Amino acid sequence: MPALPRPASGPGSRYTARAALTRPRPTPARQRTDPAALTRSLTARDLWITAMVHEHRVLTTPQIARIAFTSQRSAQRRLRVLHHHAVLDSFRPLTQHGSAPEHYTLGPTGVSVIAAHAGCEPAALGWRPTTTGRIAYSPSLGHDIGVNELLTHLAAPTPNATHGRLTLWLSERSCARRWDDMIRPDAYAHWHTPSTTDADNPGLLPFFLEYDTGSQPLPRVEAKLAGYAAFTTSTNTRPALLIHTRTASRDRALRHRLAQPARDLGLYVATSSADFTTHTPWGPWWAPLHPAACRTTLTGLTTHWPNLTPASIDPTDADTALTLPIPPRPPTTPDGR
């Protein structure tokens, strides 16, 4: 497929468009795309993947494999089936070097399936036939993939239960739906660490995530702290704020700029960057904002900040089946599917 021209205005007008290679989908028979006909073949994990892709807009093959499958090969096989039935759409952005993984978005059949489970009309999901194209050429695609890359690493099963696990993950869209009048983080999550002394009282690290690509000036990042301070005051809760950026130099600049305002506002803030991360997401990535702080794990932050309290996400009358949180791990079934 040739590269699309740059639009004169609107989304994509300020960046160079990249072509997206989309796998052709055979013209399916009615029984392949009718949601009712798929009831015998869609597993609980398939439905969970569909809901996750809707919630987080776009997930790559490695990200889905990380949290829902035992290998990337098995993930590829199943995702091809879901793509064939139009449960998922996909595209592959062009890159300067190598090749990008397949990027999955919600397909037309997936829209019907989710709407049927939620008891609403497909229009309520806000999906259009152009949605995948808009995501593929969105200037925020790299940012969105970066957020999902970090959170899927945290949601992946760990070889040792004492490392902790991600038990809640709200997308930027879900956060905006709840708190857009005060804050708009890139994600909100809960990290649980089993206590070695009290198995019935695991440590909890509730945190907002700001995924910083370096595109915003430092004063604009600093201005966000006032919103988080207003949130803690008005809701009487105190989640942490984690800021992850791409380079150690940007991390140093953020720490220098934000340390005093964070202290003045009484916020618990920690920073990290891709230069400090390892292949183990429970490793020592994060450093609280004070001069003598050492980099520590999420579990270490739980110990360092014992007074954290989670934001309220209890269902309200305004919530529907489409707005309730989705577990960051797929459901377990007797056959493992």
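**Close-up 1. F231, a buried ring in helix α9.** In this predicted model, F231 has a relative accessible area of 1%, so the residue counts as buried. Its partner here, W179, is buried too, with a relative accessible area of 6%. The ring centres of W179 and F231 sit 5.6 Å apart and the planes meet at 75 degrees, which makes this pair edge-to-face because the angle is over 60 degrees. The contact joins distant parts of the chain: W179 belongs to helix α8 and F231 to helix α9 (residues 218–235), 52 residues apart.

**Close-up 2. W179 with F208.** Eight aromatic pairs are counted in the model. For W179 and F208, the centres are 5.5 Å apart and the planes lie at 85 degrees, so this pair is edge-to-face. Here, too, distant parts of the chain are linked, with W179 in helix α8 (residues 172–179) and F208 in strand β7 (residues 203–211), 29 residues apart. Both W179 and F208 are buried.

**Close-up 3. The aromatic cluster around W179, F208 and F231.** Take a step back and you will find these three rings in one aromatic cluster, together with Y188 and Y228.

**Close-up 4. A86, a loop residue with positive phi.** Most residues other than glycine have a negative phi. A86 is not a glycine, yet its phi is positive, at about 65 degrees. Look for A86 in the loop between α4 (72–84) and β3 (88–93). With a relative accessible area of 5%, A86 is buried.

**Close-up 5. N236, a positive phi in an exposed residue.** The phi of N236 is also positive, near 55 degrees. N236 lies in the loop between α9 and β8 (240–245), and its relative accessible area of 71% makes this residue exposed.

Notes
Residues numbered from 1 in each chain as written. Predicted model: local features only at pLDDT ≥ 70, side-chain atom pairs only at ≥ 80, totals over all residues. Heavy atoms only, no water. Phe/Tyr/Trp six-rings, centres within 6.5 Å; stacked < 30°, edge-to-face > 60°. Helix = DSSP H or I, 4+ residues; strand = E, 2+ residues; numbered from the N terminus. Buried < 20%, exposed > 50% of the residue type's maximum accessible area, 1.4 Å probe, protein only.
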